[in-house]
Amino acid sequence: MTKYVVIRTDGRTEFETMIAAQEYFDTIPNGLSIMAIDEEIPASYPDKEVACWRMRAVMELAGLKPQIDMLILGLPQPDKTVALAAWEYGNSVASSSPFVKGIQAALNLTNAQVYDFFVQAENLQA
């Protein structure tokens, strides 16, 4: 079954129809995008941890860094300050971290997509 998700700077909202999603999107000031998603059975992947610079580079190459930056800036304090410090200055990030899980949910990324991003980050050559 296809659902439509409105991605906002502070989260996401799901709709059954594209028309409903578009109507909602047109009325909010913090909307980023509308995505069509197919429900799937979540797969389980091993936890991975990579250097933050690697993950930021992979997110930039995937075109997702601006959305992540906007999501962080839309968080309430003190979460905003903590998330921004972790994203910009953290040493490493784990795929099981609340930060990653929050970004995954907000951007409607699958477990497979997140795992693939971590694999790409591990293999990034600088």
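A cavity is a set of grid points where a 1.4 Å probe fits but cannot get out. Keep that idea in hand for the first of these close-up views of a predicted model.

**View 1. A closed space inside the protein.** About 140 Å³ of space lies in the largest cavity. The closest residues to the centre of this cavity are Met55, Met59, Val100, Ile103 and Phe118, out of 13 that line it. Three helices each supply at least two lining residues: H2 (52–61), H5 and H6. Helix H5 gives the most, with four residues. What kinds of residue make up the lining of the largest cavity? They divide into twelve nonpolar, one polar and no charged. As for how many cavities there are to look for, the count comes to one of 30 Å³ or more.

**View 2. The second largest pocket, where H5 appears again.** This pocket has a volume of about 180 Å³. Its lining is made of 13 residues, and those nearest the centre are Leu71, Leu75, Gly102, Ile103 and Ala106. Strand S2, helix H3 (65–73) and helix H5 (98–106) each bring at least two residues to the lining. Which of these elements has the largest share of the lining? The answer is H5, with five residues. By type, the lining residues of the second largest pocket divide into eight nonpolar, three polar and two charged. If Ile103 looks familiar here, that is no accident of labelling: Ile103 is also listed among the residues closest to the centre of the largest cavity.

**View 3. Strand S1 and its two partners.** Start with strand S1, which runs over residues 2–8 and is mostly covered, with five of its seven residues buried. On one side of the pairing scheme, S1 joins strand S3 (residues 31–38) in the antiparallel sense over seven bridges. S1 also pairs with strand S2 (residues 11–15), again in the antiparallel sense, over five bridges. The connection from S1 to S2 is a hairpin through two residues. Arg8 is a handy landmark: it stands opposite Gly31 in S3 and opposite Gly11 in S2. As a general guide to viewing, side chains in a regular strand alternate between the two faces of the sheet.

**View 4. Ser33 and its neighbours.** Ser33 is found in strand S3. Is Ser33 buried or exposed? At 17% relative accessibility, Ser33 counts as buried, because the cut-off for that word is under 20%. Leaving aside residues up to four places away in sequence, Ser33 touches Val5, Val6, Ile7, Phe25 and Gln67. Take Val6 as an example: Ser33 and Val6 are 27 residues apart in sequence, yet their C-alpha atoms are 5.9 Å apart in space.

**View 5. Aromatic rings that meet.** The structure holds three aromatic pairs. In one of them, the rings of Tyr45 and Tyr115 have centres 4.9 Å apart and planes at 25°, so the pair is stacked. This pair links distant parts of the chain, with Tyr45 in the loop between S3 and strand S4 (49–51) and Tyr115 in helix H6 (residues 111–122), 70 residues apart. Tyr45 is partly exposed, with a relative accessible area of 36%, and Tyr115 is partly exposed too, at 26%. Another pair is formed by Trp87 and Phe99, whose ring centres lie 5.8 Å apart with planes at 40°, so this pair is tilted. Trp87 lies in helix H4 (residues 79–89) and Phe99 in helix H5, so the pair ties together parts that are twelve residues apart in sequence. Trp87 is buried, with a relative accessible area of 4%, whereas Phe99 counts as partly exposed at 23%.

**View 6. Two backbone details in loops.** Most residues other than glycine have a negative phi, and most peptide bonds are trans. With that in mind, look at the peptide bond from Gln77 to Pro78, which is cis, with omega near 5°. Pro78 has its place in the loop between H3 and H4. Then turn to Asn108, which has a positive phi of about 55° although it is not a glycine. Asn108 is found in the loop between H5 and H6, and is buried, with a relative accessible area of 17%.

Methods: Residues numbered from 1 in each chain as written. Predicted model: local features only at pLDDT ≥ 70, side-chain atom pairs only at ≥ 80, totals over all residues. Heavy atoms only, no water. Buried < 20%, exposed > 50% of the residue type's maximum accessible area, 1.4 Å probe, protein only. Pairing = 2+ DSSP bridges. 1 Å grid on protein atoms, 1.4 Å probe; cavity = no way out; pocket = protein on both sides within 12 Å on 5 of 7 lines; lining within 4 Å. Points joined across faces, edges and corners; volume = space filled by probe spheres on them. Nonpolar A, V, L, I, M, F, W, Y, C, P; charged D, E, K, R; others polar. Phe/Tyr/Trp six-rings, centres within 6.5 Å; stacked < 30°, edge-to-face > 60°. Contact = heavy atoms within 4.5 Å.
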